[in-house]
Amino acid sequence: MLSKEVTVTFIEPDGNEVQATGEEGTNLMELAHENDVDLEGACEGACACSTCHVILDESVFDSLPEPTDEENDMLDLAFGLTDTSRLGCQVLLTPEMEGMRIKLPSATRNFYVDGAKPSHH
Amino acid sequence: MRACVLPVATTLRTASRTVRHFAASACLPRDKNVAVVGGGAAGFYAAARLLAKTKNVNVDVFEQLPTPYGLVRFGVAPDHPEVKNCTTKFDQVSGSPRVRYFGNVQVGSQQLGLDRLCSAYDGVVLSYGASEDRRLGIPGEDGENGRVGVIPARRFVAWYNGLPEAQGLRVDLESYDKVVIVGHGNVALDCARILLTDPADLATTDITANALETLRNSKVRHVEMVGRRGPLQVAFTTKELREMTKIPDMDFICDRELVAAECSKWAEWLDASRSLKRMMDLLMKHTVGEGRRQKKSFTLSFLKSPVEVVYDQPGAEESAEAPPQRIRFEVNRLEGAVDAARAVGTGAFVDIPCGMVLRSIGYVSTPLAGAPFNKRRKIIPNIAGRVTDDSGELVSGLYAAGWVKRGPVGVIATTMQDAYRTADAVIMDISNGHIGNDSDTGRSRDAVDQMLDSSGVLETCVTNAQWKRLDAHETEAGIKTGKSREKVTDIDRMLSIIRSE
């Protein structure tokens with residue numbers, strides 16, 4: 001049985017876009033890791049942290065089943081939570097998500113001493 | 001003329017000087033060496049970020065215990081194994097050719113002062129966390145006439161999690177049926193849950209054999225968790241509170257009228273606070289008012305500050321019916337805005353008779369010899385991870401990450417981001433030439449290795465490979481008793497296991 005391949009785009013905090021193709025049923029955290037997208041996953045998909053937090057398109061978000069209490073408990077702690085936030089490890093790829101854009105939340109504020117500007121790498 | 005790849009800014013601004021410099025010294029840009037002091041989550045995430053965002057930074061992680069991971073091993077509850085999955089990433093870091101782990105090394109000791117690290121390494125990141133706890137500061141806290149007094153929750157947690165120095169803790173769960181925990185944070189909830197969970201449900205975890213046996217023989221059936229302020233000022237999170245609602249055969253008791261009144265009074269503010277609102281909904285849905293129907297109970301108690309631990313008359317019988325002490329509280333009312341509410345004593349007092357009392361009102365960091373320390377806030381003074389001295393001047397090459405930088409608050413995810421920000425500061429300072437300058441010929445890998453050798457660290461340290469041997473031993477020992485791991489809880493025994501092969 002062939003499972004469908006689905007292509008989506010991750011948008012990293014600095015604006016860099018990464019296209020990623022994965023098998024239906026792969027969770028978004030795994031997909032990100034397979035494509036070297038800058039998304040963490042401290043608890044490795046066990047719904048025990050908030051580091052794989054992603055921001056979805058409103059239409060995709062609304063079409064998904066509600067998060068469980070356990071996922072919502074973790075989202076409570078996510079930095080930069082939005083109305084369309086989910087834990088990447090709890091969202092599985094479906095064919096309907098083809099072309100979907102997934103935003104990674106920006107990290108904490110950066111502080112610089114003496115007005116020094118960060119160098120880009 | 002050699003073509004050297006220097007950080008861009010330096011090259012553009014000082015091109016002519018650079019060319020002359022390289023003609024003179026004929027050196028390639030050298031690797032940079034960073035020391036991390038404290039092998040817990042903050043230290044490992046700082047190291048991970050340094051590895052990920054550079055190609056030429058080596059990291060040496062120093063840890064005072066033979067075992068790495070810090071509170072991930074000794075703080076996270078045994079029944080939260082998924083939280084410990086972060087150690088996979090820590091192991092990847094330790095396994096990198098650019099990283100060396102030095103366990104069983106006490107930085108700040110005679111053997112290895114901080115100044116020696118600072119003179120050999122380009123940067124030193126202090127990430128040694130918080131190893132003490134806040135006291136209540138009340139009479140009777142330290143016991144009397146052989147009574148144990150108030151036990152730090154930090155120590156109780158360390159005891160059941162196998163921290164060697166906590167194994168001597170006197171834990172009596174057989175003389176009485178009630179425990180009081182002072183504090184409204186996740187550590188307090190962890191303690192309550194471990195005390196009230198059926199020990200059979202802990203039997204497959206990595207809780208120590210000694211703690212499991214103690215819990216199996218426990219007569220404790222009632223835990224009351226008391227905080228000074230109200231339901232909207234609690235510090236614990238919904239996940240941990242939800243776990244309390246799932247313990248079978250247990251009444252979850254709280255003052256529902258108070259919760260309802262507070263929620264009503266601050267309704268508009270609460271509506272904008274997603275996490276608290278969900279928590280209050282959970283409380284109202286799953287608690288009962290006073291009244292016992294089950295054989296176990298967990299009471300979440302508000303608006304009480306402890307003022308004294310009162311011991312019964314000497315010679316009084318101790319039994320499950322006659323608890324050995326009472327903890328006296330002053331009843332509070334709240335003043336001020338909901339997000340800055342102050343507890344104000346009302347002059348009314350209430351005694352709660354109980355056996356063991358745990359205080360769980362925060363961990364506390366301690367100073368490290370040779371490093372600045374803010375005695376009031378009990379953290380290392382810093383600006384976004386760059387350490388400053390008492391007068392606010394930056395201390396070149398010294399950084400802080402994790403609880404010792406921000407205070408002892410936050411989950412692993414918080415610490416991860418915090419440590420990344422500190423590592424980014426290190427990287428920026430290298431790239432701007434503030435540290436790790438190629439002209440700084442006193443610092444190098446050779447200088448580091450010489451220092452490690454002459455200080456005797458290489459003789460007594462535990463390497464990553466050796467830790468892995470201990471790790472395998474613990475896992476195998478666990479298999480024999482149906483547990484995920486049987487931790488070795490004595491340092492000499494750890495070292496002898498490591499060295500016997």
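**Pocket, interface and cavity**

Q: Which helix gives the most to the lining of the second largest pocket?
A: In this predicted model, α3(B) gives the most, with six residues.

Q: What makes the second largest pocket a site that both chains line?
A: Helices of both chains supply its lining: α1 (28–34) of chain A and α3 (41–53), α5 (87–94) and α15 (412–431) of chain B each give at least two residues. The pocket holds about 560 Å³ of space. It has 22 lining residues, and those closest to its centre are A:H33, A:L39, A:E40, B:K89 and B:Q92. By class, the lining comprises 11 nonpolar, four polar and seven charged residues.

Q: Why is the pair A:E40 and B:K89 called a salt bridge?
A: The rule asks for a side-chain nitrogen of Lys or Arg within 4 Å of a carboxyl oxygen of Asp or Glu. Between A:E40 and B:K89 the N to O distance is 3.1 Å, so the pair meets the rule.

Q: How do you know that B:R278 and A:D73 form a salt bridge, and why does the pair join two chains?
A: The closest N and O atoms of B:R278 and A:D73 are 2.8 Å apart; the cut-off is 4 Å, so the pair counts. B:R278 sits in helix α13 (residues 274–286) of chain B and A:D73 in helix α3 (residues 69–75) of chain A, so the pair joins two chains.

Q: How many salt bridges are there between chain A and chain B, and how many over all chains?
A: The count between chain A and chain B is nine. Over all chains, the whole structure has 42.

Q: What describes the interface of chain A and chain B beyond its salt bridges?
A: Contact involves 29 residues of chain A and 27 residues of chain B. The buried area is about 2,300 Å², with carbon and sulfur atoms giving 55%. Across the interface, 14 residue pairs are in polar contact. On the side of chain A that touches chain B, the residues divide into 13 nonpolar, seven polar and nine charged.

Q: Why is the space of about 30 Å³ called a cavity and not a pocket?
A: A cavity is a set of points where a 1.4 Å probe fits but cannot get out, whereas a pocket is open. The structure holds one cavity of 30 Å³ or more. Its lining includes A:M29, A:C43, A:C47, A:C49, A:C52, A:L87 and A:C89.

Q: What classes of residue line the largest cavity?
A: Nine are nonpolar and three polar, with no charged residue. Among the lining residues, A:G41 and A:G45 count as polar, because Gly is placed in that class.

Notes. Residues numbered from 1 in each chain as written. Chains lettered and ligands numbered in written order. Predicted model: local features only at pLDDT ≥ 70, side-chain atom pairs only at ≥ 80, totals over all residues. Heavy atoms only, no water. Contact = heavy atoms within 4.5 Å. Buried area = accessible area lost by both parts, 1.4 Å probe. Polar contact = N/O pair within 3.5 Å; in protein donor to acceptor, adjacent residues only side chain to side chain. 1 Å grid on protein atoms, 1.4 Å probe; cavity = no way out; pocket = protein on both sides within 12 Å on 5 of 7 lines; lining within 4 Å. Points joined across faces, edges and corners; volume = space filled by probe spheres on them. Helix = DSSP H or I, 4+ residues; strand = E, 2+ residues; numbered from the N terminus.
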